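Please read the following report alongside the sequence and the coordinates. It treats strand pairing, helices, and the empty spaces within the fold in turn.

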Amino acid sequence: MSEEHATVSKLQKQAYDALIKYFKVYEKQVVEIEVLPPAIQPPDGILLEDGHCLGVPKKVLALAYMEARSRFFANSKDIDYYHIAMEATKIILLFDPEHLSAANFRKRRLVDLQTETTYEAQLVYRKAIKYEFCFLDSILTSPLHRQSKSPTLWYHRFWLLQMLCPNRLRNVPEQLRADFWQTELDTVCKSGERHPKNYYAWQYARRMMEHIDDPGATVHCAESVKVWCYKHPSDISGWSFLAYLTKSLRNASDAEEIVRDVLRYAMKVRSEHESLWVFLRVVLAHDTLQEERDGFMSVLRQYFAEVERSGDQTALLGRVQKTLDWVEKHRITAQARVDYEPT
C-alpha cells in the first residue's frame, strides 16, 4: 500500500468514526446537519460541533461516505456485520439520499425486529422505530438542499409510518395521536422551508392524512398549514396541500372559515402572489363552498373595483380578474356534481 493510499485510508476512518460517534451520542434526538462552505473549517479539520448542530466539510463527508460504503458492502458473514452495516447506512444516506440499497437494508432490519415476538424483542423494535424517525427528521429538516427533497427518504418515512400505525397509533389516547400528527406535519413544514416547493414532503403529508380519522385533527392541521402559507406565500406546494385539506374537511363551515381568512389576508396585504390566488380560485370553484360561493364572489368583485379605482396595481388587478373568470368558468354546482357521477 502506497503512503498516499494509507493516508487517504486513515482520513476516511477518522471522518467515519467522528460522524458515527456523533450519531451515537444524539441517536435519541433530532439534530441539524449542515455541509460547511470551504471558507469555514473545523479546528480539528473534521467536524464542527455545537450541541445539536453539526457542521461537516463536504470533503470530510465524502471521505466518510467512502469508508461507510466499503463497510456496508463488506463480507456479510461477519457476526457484527448487521450492526456495522446499520451504522454505515446513516452516513451513506446522509451523503447520497437516493442510495436504495442502504434504505432497503434499514427497512429489512426493522422488519426482522418486528417479527420477534418476545417482550424484550418488541421493546428493541419500538426503540428502533423511534430512533429511525429521529434519524429521518435530522436529515429531512436540516439545511441540506438535496436531502430534504429526497423521494427515497420521504418514501422510507411513509413506509415507516405504515409500520407504526397498525401497531401503536390505534391504541393510544386521542390527544397523543393528535400530537403525533402535528409533529409529523411540523417536519413537513420545516422541510418545506429548507427546500421551497418541496413536492415530496407535501406528498408525504397527503399520504399521512389518509391515516387520520379524527376530523378535529384534520382541522388543526389545516389551520397550521394556513399559517405556514402566510409566511411562504409564493410556495405553490404548500397552497396546493392547503387546498387539498380544505376540500377534504367534513364540516363545510370549517372550510368556509379557512377560505374567508385567506381572502381577508390576500386583500389586506394586497398580495400579488400567483400561488395564493390559485388556491382561492381552486377552492372557490369546488363544490365544498357552493353555498357560500356567491358571497365570496361578491366580495371579490368589490375588491376588484377598489383595486381598479386605485390604478396602481395592475398585477394584482389581473390576479383578481383571472380568479373571478376562472371560478365562473369552472365552478361546480350540486347538479353538475350529480351529472358527473357515474351511474
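## The hairpin and the sheet

Strands S2 and S3 run antiparallel to each other and are joined by three bridges. In this predicted model, the two strands form a hairpin with two residues between them. Gly51, which lies in the turn, has a positive phi of about 65°. Within this pairing, Leu48 stands opposite Gly55 in S3.

On its other pairing, S3 (residues 53–57) meets S1 in the parallel sense, over five bridges. Here Glu34 stands opposite Gly55, and Val35 stands opposite Val56. Gly55 thus has Leu48 opposite it in one pairing and Glu34 opposite it in the other. The three strands make an open sheet with mixed pairing, in the order S1-S3-S2. S1 (32–36) and S2 (48–50) are the edge strands; each has a single partner strand, so one side of each is left without a neighbour in the sheet. From one strand to the next, the twist averages 15°. S3 is mostly covered, with four of its five residues buried.

## Helix H3

Helix H3 has 15 residues, and the distance from its first C-alpha to its last is 21 Å, close to the 21 Å expected at 1.5 Å a residue. Burial is extensive in terms of residue count: 11 of the 15 residues of H3 are buried. Those buried residues include Tyr81, Ala85, Met86 and Glu87, as well as the run Ala88, Thr89, Lys90, Ile91, Ile92, Leu93 and Leu94.

Met86 and Lys90 of H3 are buried, and both are among the residues nearest the centre of the largest pocket. An α-helix has 3.6 residues a turn, so residues three or four places apart point the same way.

## The largest pocket

What volume does the largest pocket have? The value is about 480 Å³. Its lining comprises 18 residues, of which Glu27, His83, Met86, Lys90 and Tyr131 lie nearest the centre.

Helix H1 (3–25), helix H3 (81–95), helix H4 (100–115) and helix H5 (119–140) each contribute at least two residues to this lining. By class, the pocket lining has nine nonpolar residues, one polar residue and eight charged residues.

## The two cavities

Rolling a probe the size of a water molecule over the atoms shows where empty space is left. The model has two cavities of 30 Å³ or more. The largest cavity has a volume of about 70 Å³, and its lining consists of Phe23, Tyr26, Glu27, Gln29, Val31, Lys90, Tyr131, Cys134, Phe135 and Ser138. H5 gives the most to this lining, with four residues. The lining of the largest cavity divides into six nonpolar, two polar and two charged residues. Glu27, Lys90 and Tyr131 line this cavity and are also among the residues nearest the centre of the largest pocket.

The second largest cavity has a volume of about 40 Å³. It is lined by Glu174, Arg177, Ala178, Trp181, Ile212, Asp214 and Ala217. Helix H7 (residues 174–194) gives the most to this lining, with four residues. By class, the lining of the second largest cavity has four nonpolar residues, no polar residues and three charged residues.

## Helices H12 and H13

For helix H12 (residues 274–285), the 12 residues should span 16 Å at 1.5 Å a residue; the end C-alpha atoms are 16 Å apart, which agrees. H12 is mostly covered, with 10 of its 12 residues buried. The buried set comprises Ser275, Leu276, Trp277, Val278, Phe279, Leu280, Arg281, Val283, Leu284 and Ala285.

Is Arg301, in helix H13 (residues 293–310), buried or partly exposed? Arg301 has a relative accessible area of 41%; because buried means under 20% and exposed means over 50%, Arg301 counts as partly exposed. Arg301 and Leu113 are 188 residues apart in sequence, and their C-alpha atoms are 61 Å apart in space.

Key
Residues numbered from 1 in each chain as written. Predicted model: local features only at pLDDT ≥ 70, side-chain atom pairs only at ≥ 80, totals over all residues. Heavy atoms only, no water. Pairing = 2+ DSSP bridges. Axes fitted to C-alpha atoms, helices over the stretch in contact; angles between N-to-C directions. 1 Å grid on protein atoms, 1.4 Å probe; cavity = no way out; pocket = protein on both sides within 12 Å on 5 of 7 lines; lining within 4 Å. Points joined across faces, edges and corners; volume = space filled by probe spheres on them. Nonpolar A, V, L, I, M, F, W, Y, C, P; charged D, E, K, R; others polar. Expected span 1.5 Å × (residues − 1). Buried < 20%, exposed > 50% of the residue type's maximum accessible area, 1.4 Å probe, protein only.
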